Amino acid sequence: MPARFNGFVPDHAALTRLLEDDRSYRIGRAGDCDLVIDHASISRSHAELQRGPDGWQLRDCGSKNGVRVDGERVATASFGNKAWFAVGDVYCSLETLDAAAAARQRENDTRRRATSLQLSARLAHAPAIGALLPQALDAVLELSGLERGFVLYADVGAPLRVRARRGLNASELAGAAFDGSAAAVERALGSRQCVVCCDTDESPWLGLRPSVRLGGIRAIVCVPLLAEAAALGLIYADSRRPGPAITELDLELIRNAADQAATALAAHRLNDAIAGLLEQATAAGIEAPRWDELRA
């Protein structure tokens, strides 16, 4: 029977895969592994999962930090319908699925990709920046399953400001009153990379921050809005309720929506710049060239 594998890497999206029962799966840090887990405690070729006659079996491939089941290091292990185990310092789960449940998983992934395309199409056709930014935030909240968030955006030459928000009022975003993670925002803007935390209790750099602890934040996503490597702004989302981990598929779809939003923002900026130049030319009495003159 197929199974659903989850690898919960600190400060990363969860690795979720549907495993078919007619092949083996190598777990490791190397890019050619079937289940790639990028974590310092994971060997390049760490372990192997394979369906056996009595269920799924896990085998250590001579890794440095080993495989643990119930806290004990083991060379091999056999699992029933549900199991938890550790590969290095990364906790993983394995759940056997029947054919119907596996089909529902595939259908759900397909449906979510279709939803992402629809949301991205809406962003591409947003009439103005004022409409685009709330739509981008709504797309990220829907795709991530998080509760609340905001968008930072800066007009050319201006500082970043909150331009759209959901689940937060203006006073909750003011300075020390903000109970989300300013550190996650700063890291995402500084690195030009997405920041993801599925469980702040397990995060070495977020879990002990007062704003996160006092705010009861459980999960965070920060995705920069990039145009030619420049950050036009950022979308922040978080949640205080426990929920499903943010998966690599979630993050892929969130990035797609953010990239579409950033492309639309850059296009709006370019159109505004062209319109401004034409207004200046008109004010200066400079007539735009005619098409037949350009062709001559």
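Two strands count as paired if DSSP finds at least two bridges between them. Keep that in mind for the first stop. The model is predicted.

**Stop 1: strand β3**

Select residues 24-28, which form β3. Now add β4, residues 35-36. Two bridges join β3 and β4, and the strands run parallel. Pick Ile-27: its bridge partner in β4 is Leu-35. Next add β5, residues 47-52. This pairing with β3 is antiparallel and has four bridges. Pick Ser-24 and look across to Gln-50, its bridge partner in β5.

While the strands are on screen, check the side chains. In a regular strand they alternate between the two faces of the sheet.

**Stop 2: two loops with positive phi**

Most residues other than glycine have a negative phi. Two aspartates are worth a click here.

Go to the loop between β1 (3-8) and β2 (15-19) and select Asp-11. Its phi is positive, about 60°, although Asp-11 is not a glycine. Is Asp-11 buried, partly exposed or exposed? Its relative accessibility is 23%, so Asp-11 counts as partly exposed.

Then move to the loop between β7 (67-69) and β8 (72-74), where Asp-70 is found. Phi of Asp-70 is also positive, near 55°. Asp-70 is exposed because its relative accessible area is 74%, and exposed means over 50%.

**Stop 3: helix α2**

Select residues 129-144 for α2. The helix has 16 residues. From first C-alpha to last it reaches 22 Å, close to the 22 Å expected at 1.5 Å a residue. Colour its buried residues, among them Ile-129, Leu-132, Leu-133, Leu-137, Val-140 and Leu-141. Pro-134 and Ser-144 are buried too. Step past the end of the helix to Gly-145, with a positive phi near 75°.

**Stop 4: the nonpolar cores**

Which residues touch the most other members of the largest nonpolar core? Select Leu-133, Leu-146, Val-151, Val-223, Leu-225, Ile-235 and Leu-265. The core has 38 residues. Elements giving two or more residues to it are α1 (99-124), α2, β12 (148-153), β15 (219-227), β16 (230-239) and α5 (248-283). The most come from α5, with 10 residues.

Zoom in on Leu-225. Beyond four places away in sequence, Leu-225 touches residues including Val-151, Leu-152, Ile-235, Ala-258, Ala-261 and Leu-265.

Finally, leave that core. Another one, of 24 residues, lies apart from it. Select Ala-3, Phe-5, Ile-42 and Val-87, which are among its members.

Technical notes. Residues are numbered from 1 along each chain as its sequence is written. This is a predicted model: local features need pLDDT of at least 70, side-chain atom pairs count only at pLDDT 80 or more; totals for chains, interfaces and linings use all residues. Side-chain values use heavy atoms; hydrogens and water are left out. A nonpolar core is a set of buried Ala, Val, Leu, Ile, Met, Phe, Trp, Tyr and Cys residues joined through side-chain atoms within 4.5 Å. Buried means under 20% relative accessible area, exposed over 50%, partly exposed in between (1.4 Å probe, protein chains only). Contact means heavy atoms within 4.5 Å. The expected span of a helix is 1.5 Å times one less than its number of residues.
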